[in-house]
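Please look over the sequence and the model shown here before reading on. The paragraphs after it are meant to be followed with the structure open beside the text.

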Amino acid sequence: MISLVLSGKGAKKKMLFGKKKSVAGLDIGSSSVKMVELDGKPNSLNLVSLGFENLPDDTIIDGQIMELNTVSDVIKNVCVNSGVSADRVVTGVSGHSVIVKNILLPAMSTDELEESIDWHAEEHIPYDLADVNLDYQVTGNTQDSTNVLIAACKRDRIDNIRQAVQLAGKEPAIIDVDTFALQNCYEYNYQPDDSQVVTLLNIGASTMNVNIVKGMRSLFTRDITVGGSQFTDVLQRSLGLSYQQAEAIKRGVSQAVEGVEETAIEPLISNVTEIVAMEIQKTFDFYRATTEDTSTVVQKILISGGGSKLQGLAADLSARLDIPVEVLDPFRSIKVDSRKFDPDYLSEIMPEMAVAVGLAMRGVI
Ligand SMILES: Nc1ncnc2c1ncn2[C@@H]1O[C@H](COP(=O)(O)OP(=O)(O)OP(=O)(O)O)[C@@H](O)[C@H]1O
Ligand SMILES: [Mg+2]
């Protein structure tokens with residue numbers, strides 16, 4: 001389990017375990033807000049509540065919340081409608097303002113690492129350390145080396161999210177990193193062993209998180225500014241449609257717009273898919289360029305995020321990248337009461353919930 005805390009130095013791990021009150025996962029995406037509440041024991045989790053609501057366009061741009069009141073109202077609605085009982089939430093960050101690095105340091109004690117981490121991190125973080133919140137986690141030890149995962153996020157971005165959450169009447173207990181929430185969700189649900197190397201791919205509206213994971217260890221991550229909204233934009237501009245029309249066509253709503261031929265749509269979708277595939281391939285190439293471990297081969301891609309629901313995308317990516325692509329099931333090992341949660345609705349929104357499930361796990365595991 002990756003348990004980074006980017007919500008400020010004083011907010012280290014101890015704060016969550018002080019009180020035994022429930023903590024929900026809150027995923028504030030650029031197109032919608034997702035909320036998940038879990039309870040149970042670390043190896044036996046139950047779904048308690050679930051919420052999802054779309055955000056109006058342009059309320060979050062490039063990861064920055066532009067309309068604090070609008071976003072906090074939507075968070076409030078999601079909480080009320082889902083009946084979430086938690087006052088505290090775990091939320092996450094992704095995109096350009098988050099820097100994640102795996103670094104190799106000489107063997108050292110926990111105290112020595114704590115004392116020297118800023119100094120080591122400095123060369124890997126392209127911002128002044130005074131302007132970021134930083135956390136790290138030891139991911140491996142040998143006799144003469146320590147593997148350390150470091151993550152940093154610009155402080156103004158963290159403050160921006162805190163504000164939106166607090167305005168909604170909730171306390172941000174932890175600010176995590178989306179790509180690791182996705183990994184925690186995968187680890188719990190799939191219990192992978194060291195022989196399994198997968199790429200977790202979360203295709204949102206504006207950001208795609210890529211995380212190459214071996215067993216329970218992240219080898220390489222990259223957040224890319226591409227996602228579902230790029231498909232909509234291209235359809236909108238090329239076919240002279242409104243945003244709503246383009247979005248409906250993308251989602252395969254038949255007869256969405258009169259006069260738009262199927263044959264006009266396909267090449268436009270295919271062009272954007274090509275960009276997505278290229279970015280994934282580039283990520284694989286970057287990873288290969290930074291590792292000496294040439295024997296590790298990615299066996300499959302597990303996709304999630306609303307963008308992954310595009311008809312035919314999984315098959316298309318699989319063909320272009322020559323690798324199996326499967327849909328990640330964030331509820332695979334979580335007990336879900338089908339009397340309380342409609343299975344059809346759950347399977348419809350399942351791809352969007354992966355990050356929120358991973359965030360919620362921080363509150364219970
Ligand atoms: N059935 C569908 N077919 C195609 N695309 C879909 C479908 N349903 C949702 N999407 C797309 O999924 C995207 C939203 O996904 P998601 O909720 O994971 O993003 P987000 O978390 O809000 O954004 P981000 O993480 O990038 O900030 C939108 O671009 C939306 O158009
Ligand atoms: Mg998202």
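What follows is a walk through this model, beginning with the ligand and moving on to the cysteines and to selected residues elsewhere in the chain.

The model is a predicted one, and a good place to enter it is ligand 1, which is surrounded by 21 residues. The closest of these are Ser-30, Ser-31, Ser-206, Glu-247 and Lys-250. Sorted by class, the shell around ligand 1 consists of 12 polar, six charged and three nonpolar residues. Seen at the level of domains, at least three residues of this shell come from domain 1 (1-97 + 155-191 + 333-365), and at least three come from domain 2 (192-327). Seen at the level of secondary structure, strand 2 (32-41), helix 6 (228-239) and helix 7 (243-250) each contribute at least two residues to the shell.

Individual contacts fill in this picture of the ligand site. The side chain of Ser-31 places an N or O atom 2.7 Å from an oxygen atom of ligand 1, and the side chain of Lys-34 places an N or O atom 2.8 Å from an oxygen atom of the ligand. With Ala-205 the backbone is involved, since one of its N or O atoms lies 3.0 Å from an oxygen atom of ligand 1. On its own, ligand 1 has 660 Å² of accessible area, and the protein covers 90% of it.

The cysteines can be taken next. How many disulfides does a search of the whole structure find? The search finds zero. For Cys-79 the reason is distance: the closest cysteine sulfur, in Cys-185, is 20 Å from the sulfur of Cys-79, and this is too far for a bond, given that a disulfide is counted when two cysteine sulfur atoms lie within 2.5 Å. Cys-79 is also buried, with a relative accessibility of 9%. Cys-153 is likewise buried, and its relative accessible area is 0%.

Two polar contacts between protein side chains deserve a look of their own. Ser-97 sits in the loop between strand 6 (88-93) and strand 7 (98-106). Is Ser-97 buried or exposed? With a relative accessible area of 7%, Ser-97 is buried, because the limit for that class is under 20%. The side chain of Ser-97 is joined to that of Arg-157 by a polar contact of 3.1 Å. Glu-279, by contrast in setting, belongs to a helix, namely helix 8 (residues 262-290), and at 13% relative accessibility Glu-279 counts as buried. The side chain of Glu-279 makes a polar contact of 2.9 Å with the side chain of Arg-222.

The backbone supplies another pair of residues to inspect. Gln-191, although it is not a glycine, has a positive phi of about 40°. This residue lies in the loop between helix 5 (178-190) and strand 11 (197-203), where Gln-191 is exposed, with a relative accessible area of 53%. Asp-322, which is also a residue other than glycine, has a positive phi near 55°. Asp-322 is found in the loop between helix 9 (313-321) and strand 15 (325-327), and at 70% relative accessibility Asp-322 counts as exposed.

A last group of residues relates separation along the chain to separation in space. Val-327, in strand 15, is partly exposed at 46% relative accessibility. Between Val-327 and Pro-351 there are 7.6 Å from C-alpha to C-alpha, for residues that stand 24 apart in sequence. Leu-313 has its place in helix 9 and is buried, with a relative accessible area of 2%. The C-alpha atom of Leu-313 is separated by 27 Å from that of Ile-334, which is 21 residues away along the chain. Ile-224 has its place in strand 13 (residues 217-224) and counts as buried at 7% relative accessibility. How far apart in space, then, are the C-alpha atoms of Ile-224 and Gly-252, which are 28 residues apart along the chain? The C-alpha atoms of Ile-224 and Gly-252 are separated by 25 Å.

Terms used. Residues numbered from 1 in each chain as written. Chains lettered and ligands numbered in written order. Predicted model: local features only at pLDDT ≥ 70, side-chain atom pairs only at ≥ 80, totals over all residues. Heavy atoms only, no water. Near = heavy atom within 4 Å. Polar contact = N/O pair within 3.5 Å; in protein donor to acceptor, adjacent residues only side chain to side chain. Areas by Shrake-Rupley, 256 points an atom, 1.4 Å probe, with all protein chains shown as cover. Helix = DSSP H or I, 4+ residues; strand = E, 2+ residues; numbered from the N terminus. Nonpolar A, V, L, I, M, F, W, Y, C, P; charged D, E, K, R; others polar. Domains from an automatic or database assignment. Buried < 20%, exposed > 50% of the residue type's maximum accessible area, 1.4 Å probe, protein only.
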